[in-house]
Structures are given as C-alpha cells and as structure tokens.
Amino acid sequence: MAFDRRKFLKVSGLSVLGVWAKSAADALAGEKPGFGITEKLLHLFRKPVGFASADALTAKKWAMVIKVRNCPTDCHACIDACDYVHNIPDAEKMPSPRHEIKWIWQDEYKHAFPDQQHEYVEERLKKLPFLLLCNHCDNPPCVRVCPTKATFKREDGIVMMDQHRCIGCRFCMAACPYGSRSFNWVDPRPYIEKQYPEYPIRVRGVVEKCTFCAERLAIGKIPACVEACQNEAKKHGREPALVFGDLEDPESEVRKLLRSHYAIRRKPELGTGPQIYYIV
Amino acid sequence: MLEKAFVGGRKYWIWMAFLLGVIGLGFIMYLWQWRYGLGLTGMGRDVSWGFYIAQFTYLVGVAASGVMVVLPCYIHNYKPFAKVTILGEFLAVAAVTMCLMFILVDLGRVDRLLNMILHPTPNSILFWDMVVLNVYLFLNIFIGWVALSAERKDVPPPHWIKPFIYISIPWAFSIHTVTAFLYAGLPGRHFWLTAIMAARFLASAFCSGPALLIVFCLIVRKVTKFDPGKDQIRTLGGIVAYAMILNVFFFLLELFTAFYSQIPGHMHSFIYLFRGLEGHARLVPWMWTFVVFAVAALVLLIVPATRRKLDTLLVGCVCVIIATWIDKGLGLVIGGFTPNPLGKVVEYWPTGPEFLISLGVWATGVLILTALYKIAISVREEAGIYKA
C-alpha cells in the first residue's frame with residue numbers, strides 16, 4: 001500500500017517529537033560533559049547558591065556615599081573605569097546622543113537636584129560635578145513595574161538586571177525617577193572602544209544599568225568606580241570621593257560618614273529610598 | 001461566514017489591495033527596525049516611549065467604547081441598538097488587534113515575548129494589561145461571531161451567550177482603567193501621576209470610540225444596503241456629546257490643580273505642550289489644534305440642531321476624533337516624558353520608518369475592520385432584514 005496520509009502523519013509526528021526530545025535533552029544537559037539531565041533536574045529543586053566564591057564581598061545592605069567636595073571636575077577616573085569593565089559604548093561614536101548608554105555619569109547640581117535648585121545657589125555647588133548612577137532604591141519602582149522580573153532586588157539591596165530575560169518594553173525607564181536606565185537602541189558592539197572580555201556585551205533591544213558591580217563583589221572586588229576613585233585619590237594625595245559599604249554595619253565607613261555629615265539624597269519625597277548619599 | 005470576506009465587488013478589492021500595500025510597506029520597515037534596533041525610531045533615553053505606545057493608548061480607548069452600544073442595549077434594554085452592537089464589537093476586535101500589534105512593534109526583544117507568560121509578574125501593570133486586553137479580544141470575537149451566526153440562521157442568539165455579554169461590559173471599563181494605571185502609578189512623572197487619569201481615559205474613550213462608530217455607520221449607510229438607523233446614530237451622538245463634555249471637563253481639572261497649586265513639576269509638561277519650554281515648542285501647534293477642534297466639537301455637539309442633523313453631527317464627530325487623537329496619540333505620552341527626570345527638555349518626533357510602521361499597523365486594523373464589517377453586512381443583506 002502507498003504511503004497514505006495516516007501513515008505520513010504518524011511518521012512525521014514521531015519525528016517531530018524525536019527532534020524536540022533530542023533538543024530538549026541537549027538543552028537540559030547543558031554544555032558541560034558529565035552534567036546530565038538528572039543532575040540538572042535535581043539542580044532545579046536545590047536552593048540557588050549563585051556564583052559567589054569564598055572571598056566574595058557580602059553585606060546586608062550595600063550603599064554608596066559620595067563626598068562631592070572631594071570630586072574634581074576634570075577627573076573622570078570612575079566613569080572611565082566603569083565604562084571599560086562593562087563594555088559601555090562610546091557615546092560620541094554612536095549615531096545619536098539619544099542612544100547613549102550611561103551607568104555612571106556627571107551632571108550639574110541643578111539637574112541632580114532639580115527640586116532644590118534656586119537662583120542664589122552657592123557658587124561652589126554650581127561648579128561641582130555630581131556623579132549620578134542607579135540609586136539601588138530600597139523600594140524600586142523599576143522592579144515593581146517589570147513584567148518579567150528581569151529587574152529585581154537582591155537581599156543585599158542591589159537592584160539587579162537580567163539582560164537575558166528583558167523583553168525591552170522599557171516600562172522600567174518610564175518608572176525610574178532618576179533617568180538611570182539605558183536601553184540598547186542599536187547594537188552597541190561597533191561603538192565599544194576597547195572590549196573587556198570578562199563582561200558580556202549586550203544585544204540591541206534590552207535595558208541595562210549600574211549593578212554596583214555585582215560581578216566583582218562576587219569575587220571579592222569592590223566596584224570599579226570606587227576602586228578607580230581610590231587609586232586616583234592616592235596618586236594625587238587627596239581623599240577619595242566615592243565610599244562604598246554596608247549600611248547595616250554600624251562600624252562601616254559609610255555609616256561613620258553619615259553619622260558625622262549632613263547628607264542628601266535625590267528625590268527622597270518619592271518614597272523610593274535611594275541608597276546613594278551625597279555629602280555636599 | 002468567513003467566505004463572505006472573500007467575495008466582493010471591484011471597489012472592495014481595490015480598497016483591500018490598497019490596505020495590503022500599506023501593510024506590506026509597514027512590514028518592510030519593521031524588518032529594517034528588527035535588524036537595526038529601535039534606534040530607527042525617534043525615541044531615545046529621555047523619551048523612551050513614543051508614537052507606538054501613544055497609538056496603543058488611543059486605540060485601547062476605541063476598543064473600550066464598544067461597550068457604549070452594548071450597555072444601553074443589554075442593561076437599559078434599548079433595543080434599537082441591537083442593530084449596531086455587532087458594529088461596536090467588531091470595531092473593538094480591530095482596535096484591540098492594533099493595540100497588541102503596537103505593543104509588539106515597540107518591544108526591543110519581541111522574540112522573548114513569552115517571558116511575560118513564563119515569568120508572570122502580578123505586581124506589573126503590564127502583566128494585567130496583557131490579561132485584560134487578550135480576554136477582551138476573545139470576548140468580542142466570540143460574542144460577535146455567535147450573535148451573527150444566529151442572525152444568519154434567523155434564530156435568536158443562544159441564551160448561554162448572555163453571561164459573556166454581561167462580563168464584556170465591566171471588562172471594557174477594565175481595559176482602559178488598567179491602561180491608565182500603566183501611567184498613573186509612576187513616581188516622578190508628574191504629568192501622569194494623577195488619580196483622575198483612568199476617569200479621563202474612559203471619558204476620552206467614550207467620546208472618541210462612538211464618534212468613530214458614527215463615522216463608520218454613516219459610511220456603511222452610504223456604501224451598502226444596510227442602514228444602522230438614523231435614530232441609533234443620533235443616540236450615539238448624544239453619548240459622544242456627554243463623554244466629550246466630561247473629557248474636556250476632566251482636562252480642565254488637571255489644569256486647575258497644576259496652575260493653582262503652582263507646583264513646578266505639575267506645570268512643566270503643560271507649559272511644554274502649550275507654550276514650549278526652554279525654547280522647545282514642537283508640540284505647541286498640535287496642542288492648539290487640539291484646543292480648536294475640541295471647542296468646535298463641543299459647540300457642534302451641544303447645540304441640539306447641529307447634533308441632530310447628520311451632516312453637522314459627522315463634522316462634530318470628526319472634530320472629536322482629531323482632538324482626542326492629538327490629546328492621547330501625541331500629547332499624553334510625549335508630554336509625560338518632557339521634561340525628563342533631570343529637568344532637561346529633549347524633544348521627540350517620530351521618524352519616517354516609525355511612522356510607516358505605525359501606518360502599517362493602522363492599515364492592518366482597517367483591513368480587519370473592513371473584512372468583519374463586510375461579513376456582518378453581507379449576512380444582513382442576505383437575510384434581507386434591514387434592507388433600506
């Protein structure tokens with residue numbers, strides 16, 4: 001008998017099922033040999049351990065204090081360091097300033113604190129550069145609005161971004177009252193000056209932002225901007241402007257600074273609980 | 001019944017071919033955007049939603065307005081509307097389809113769309129918007145189809161369809177309320193952070209949607225043998241009049257709060273839209289056009305003589321459509337992003353490809369609407385019930 005419709009459907013159905021099962025098994029097996037389906041399935045039920053090594057830096061609540069007085073206008077060490085280790089495309093090479101990606105950047109007092117701006121503001125303040133970055137809010141609106149949990153708050157207070165889950169709806173950008181989120185309007189790869197192989201380059205169509213260098217904390221390093229600031233300060237014999245630490249530890253340097261200085265935060269009236277403190 | 005969309009006269013096919021052409025052009029532009037990224041549009045880090053999301057917002061209103069014919073018919077037993085409910089439901093189907101397409105073309109990674117379902121996140125309003133829009137689409141296709149099938153067989157619609165119709169009424173309110181919540185719950189965006197947003201959205205929906213429906217009824221009246229009825233159109237005109245009055249009233253409430261309180265954040269977007277801010281005034285002519293058409297619409301709709309006369313009612317409805325489209329399809333989204341959170345003004349305007357992609361989505365909606373109306377009207381012409 002000829003190859004009738006019934007038989008054709010049977011065979012094709014089985015082959016589709018077979019191909020699917022094979023690819024599913026391959027996907028589950030992962031790339032590592034010896035890490036089979038069973039282990040992978042068991043892994044799903046285990047408590048996630050993350051990738052933290054023994055010397056990882058941990059905290060109950062990470063925060064940053066910026067001593068604005070110690071920040072010279074012409075110094076961009078922190079920005080350059082961050083841009084390099086996170087493969088941030090060079091804004092000047094990009095097709096439009098609209099497409100700029102910013103994790104940490106400088107702006108004037110009147111833009112950093114638009115609600116506290118007045119005509120007779122101190123001359124010194126007018127000239128000081130204010131470093132702006134993600135505030136790692138206690139109560140982050142971006143996390144509240146994200147429809148896929150691609151952006152989420154970790155137990156240590158870091159507001160993280162999963163660039164592999166983000167669908168690029170940009171709801172988080174509308175929700176962020178600090179303009180701290182950037183979208184990859186174009187493929188960033190051609191505009192990266194010098195590639196840093198240890199950090200993934202993003203694809204077009206996803207949102208990104210400062211992560212307090214979660215990938216560095218995991219291997220015992222402080223955030224790149226803070227490290228660069230310390231190195232630069234040492235070189236010039238001055239105090240660093242950026243201080244990073246655990247807000248829940250009363251003996252941490254950030255707590256000591258906040259105890260002894262008047263510090264302000266950006267738009268505290270919105271209830272987002274920003275964790276970047278500015279000592280002016 | 002679907003086959004009725006595939007038979008038609010010369011004019012019908014020329015119209016469909018034209019729409020397909022526009023869709024094709026939009027699709028080619030979309031492929032370009034797919035390759036290059038959303039950088040092809042005029043959006044940027046400051047105005048991060050633009051024309052697409054604005055069209056989406058406007059069309060959610062059009063979709064919700066179907067309820068304005070269903071509600072009087074089923075809750076108030078206003079039977080003359082039974083003739084036009086199908087037109088309202090099919091308009092809703094076309095509008096929701098366009099809404100979903102505008103969301104899709106706006107996504108950076110549309111290939112990851114299923115993450116919305118794989119990782120459902122009830123604290124995100126976008127998740128709820130997805131739920132309510134899809135259910136509303138289903139309800140309208142289902143109810144419209146069942147009712148029309150019954151009509152074709154010359155029998156009353158089955159009783160079990162009633163619960164679906166009753167559910168569809170509050171559901172229509174829900175789609176626009178949830179869409180307003182996308183905007184109204186964001187800290188730091190003063191223009192959107194207003195409790196009256198959902199009410200404003202509903203008012204603008206209930207004037208713009210029925211106004212469109214009146215225009216379509218008049219077109220249907222002219223080009224087919226089916227007459228939706230003068231009385232029905234006039235009743236719809238009354239609904240448009242009330243809703244437009246509410247819409248403008250709510251807008252004036254916003255102006256009062258912003259300018260009497262004198263809180264800068266609340267005033268800035270309005271100043272940008274109507275007078276220009278820091279030398280940027282791209283939307284000013286548009287917003288004053290909105291004012292002119294809104295006032296003209298109010299006059300034509302409030303004066304009984306012009307509201308009752310079909311010609312002037314048509315002009316009034318076109319004024320409503322233009323005014324509400326500028327208000328929601330341009331001003332609302334762009335105004336909300338300007339000035340940006342740092343107090344800077346960065347202007348936005350859609351690019352050519354962005355506009356053509358939007359046009360392609362609109363054409364898809366019109367194509368669906370034409371096909372559905374063709375089916376509905378053919379069934380009626382065949383049955384010979386409503387012949388003029």
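Visitor: How many residues does the contact take from chain B and from chain A?
Guide: Keep in mind that we're looking at a predicted model. Two residues touch here if their C-beta atoms lie within 7 Å. On that basis the contact takes 41 residues from chain A and, from chain B, 31 residues.

Visitor: Which element gives the largest share of the side of chain B that touches chain A?
Guide: Two elements of chain B give two or more residues to that side, namely α5 (115-118) and α6 (125-152). With three residues, the largest share comes from α6(B).

Visitor: And how do the residues on that side of chain B divide into nonpolar, polar and charged?
Guide: Gly goes with the polar group in this scheme. Sorted that way, the side of chain B that touches chain A has five charged residues, 13 polar and 13 nonpolar.

Visitor: Okay, on to the cores. Which helix gives the largest share of the largest nonpolar core?
Guide: That core holds 188 residues, and A:C78, B:A63 and B:V240 touch the most other members. The largest share of the core is 15 residues, and it comes from residues 82-106 of chain B, helix α4.

Visitor: Which residues does A:C78 touch, leaving out those up to four places away in sequence?
Guide: A:C78 is one of the core residues that touch the most other members. Beyond four places in sequence, A:C78 touches A:I104, A:L131, A:C225, A:A228, A:C229 and A:L242.

Visitor: What share of the residues of chain A count as buried?
Guide: Chain A comes to ten helices and ten strands. To count as buried, a residue needs 20 or more other C-beta atoms within 10 Å of its own. Of the 280 residues of chain A, the buried share is 39%.

Note on methods. Residues are numbered from 1 along each chain as its sequence is written. Chains are lettered from A and ligands numbered from 1 in the order in which they are written. This is a predicted model: local features need pLDDT of at least 70, side-chain atom pairs count only at pLDDT 80 or more; totals for chains, interfaces and linings use all residues. Helices (H or I, at least four residues) and strands (E, at least two) are DSSP runs, numbered from the N terminus. A residue is buried if 20 or more other C-beta atoms lie within 10 Å of its own, exposed if 12 or fewer, and partly exposed in between; C-beta atoms are placed from the backbone. A nonpolar core is a set of buried Ala, Val, Leu, Ile, Met, Phe, Trp, Tyr and Cys residues joined through C-beta atoms within 7 Å.
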